[in-house]
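Visitor: I would like a close look at a single part of this protein, set against the chain as a whole. Please take it slowly and keep the details connected.

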Amino acid sequence: MPGLYYEEFEVGETIDHAKRRTISEADNQRFCDMTMNQQPLHLDADLAGETQFGERLVNGLYTMSLAVGVSIPETTDGTIVANLSYDGVEHPNPVFHGDTIRARSTVTDKRETSDGERGVVTMRVEAFKVVDGDDDVLVCEFERTVLSEKRPEGDESD
């Protein structure tokens, strides 16, 4: 299913994204390697074991990127011109190797561009650690603003 065109976004709409991912040690290691982030709290088990967390933390930027990635099929897959901004990023709880992450997006604003040819859409994206038998735990939240295509003329399909 392709993403949504500007006209299809509804302010107040919440989308619980179907895709989830369990984060492995290899995922965290690769992300840190690719971004040249060698923070020992993410990579050094002995050092991390001596912190308040007791183990290595998953890189917060990976958690944020994962939340964007799992949201794309139901929001902007094939209908985006550009990501314009990520604002108000917060990481209220830690993520560890083996945690499964899911995401939810809520459309908070939309407006046409000044030329009327595209639209700007802002979504509140929340990432949750899936916890069996309890309420899921919020681990990352932020606003994502995108430049969205409008539906092509003559395309009235839903």
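Guide: What follows begins with the whole chain, moves to the annotated domain and one aspartate within its span, and ends with the cysteines. The model is a predicted one, and every value below is computed from it or, where said, taken from a record.

The protein contains four helices and six strands, and along the sequence these elements come in the order β-β-α-α-α-α-β-β-β-β, with the helices placed between two strands before them and four strands after them. Along the principal axes, the C-alpha atoms occupy a box of roughly 60 × 35 × 25 Å. The chain has 158 residues, of which 40% count as buried, and among contacts with a separation of 6 or more, 71% join residues 24 or more positions apart. The exposed surface comes to about 8,600 Å², with carbon and sulfur atoms supplying 46% of it. As for charge, there are 33 negative side chains and 15 positive ones, yet the centres of the two sets lie 2 Å apart.

The part to look at closely lies within residues 11–123, where UniProt, in an unreviewed entry, places the feature "domain: MaoC-like". Over this span the chain is 31% helix and 31% strand, and the C-alpha atoms at its ends are 9 Å apart.

Asp 109 sits in strand S4, which covers residues 100–112. With a relative accessible area of 41%, Asp 109 is partly exposed, because that value falls between the 20% limit for buried and the 50% limit for exposed. Beyond its neighbours within four places in sequence, Asp 109 touches Val 11 on one side of the numbering and Val 120, Val 121 and Thr 122 on the other. A further pairing across the sequence is that of Asp 109 with Glu 10: 99 residues separate them along the chain, whereas their C-alpha atoms are 8.4 Å apart in space.

The cysteines complete the account, since the structure holds zero disulfides and a disulfide requires sulfur atoms within 2.5 Å. Cys 32 is in no disulfide, and the nearest cysteine sulfur to it, that of Cys 140, is 15 Å away, which is too far for a bond. Cys 32 has 0% relative accessibility and therefore counts as buried, and Cys 140 is likewise buried, with a relative accessible area of 0%.

Methods. Residues are numbered from 1 along each chain as its sequence is written. This is a predicted model: local features need pLDDT of at least 70, side-chain atom pairs count only at pLDDT 80 or more; totals for chains, interfaces and linings use all residues. Side-chain values use heavy atoms; hydrogens and water are left out. Buried means under 20% relative accessible area, exposed over 50%, partly exposed in between (1.4 Å probe, protein chains only). Contact means heavy atoms within 4.5 Å. Accessible areas come from the Shrake-Rupley method with a 1.4 Å probe; for residues, only the protein chains shown count as cover. Lys and Arg count as positive and Asp and Glu as negative; His and the chain ends are not counted. The place of a charge is taken as NZ of Lys, CZ of Arg, CG of Asp or CD of Glu. UniProt positions are given in the numbering used here, feature names are shortened, and annotations may be inferred rather than shown by experiment.
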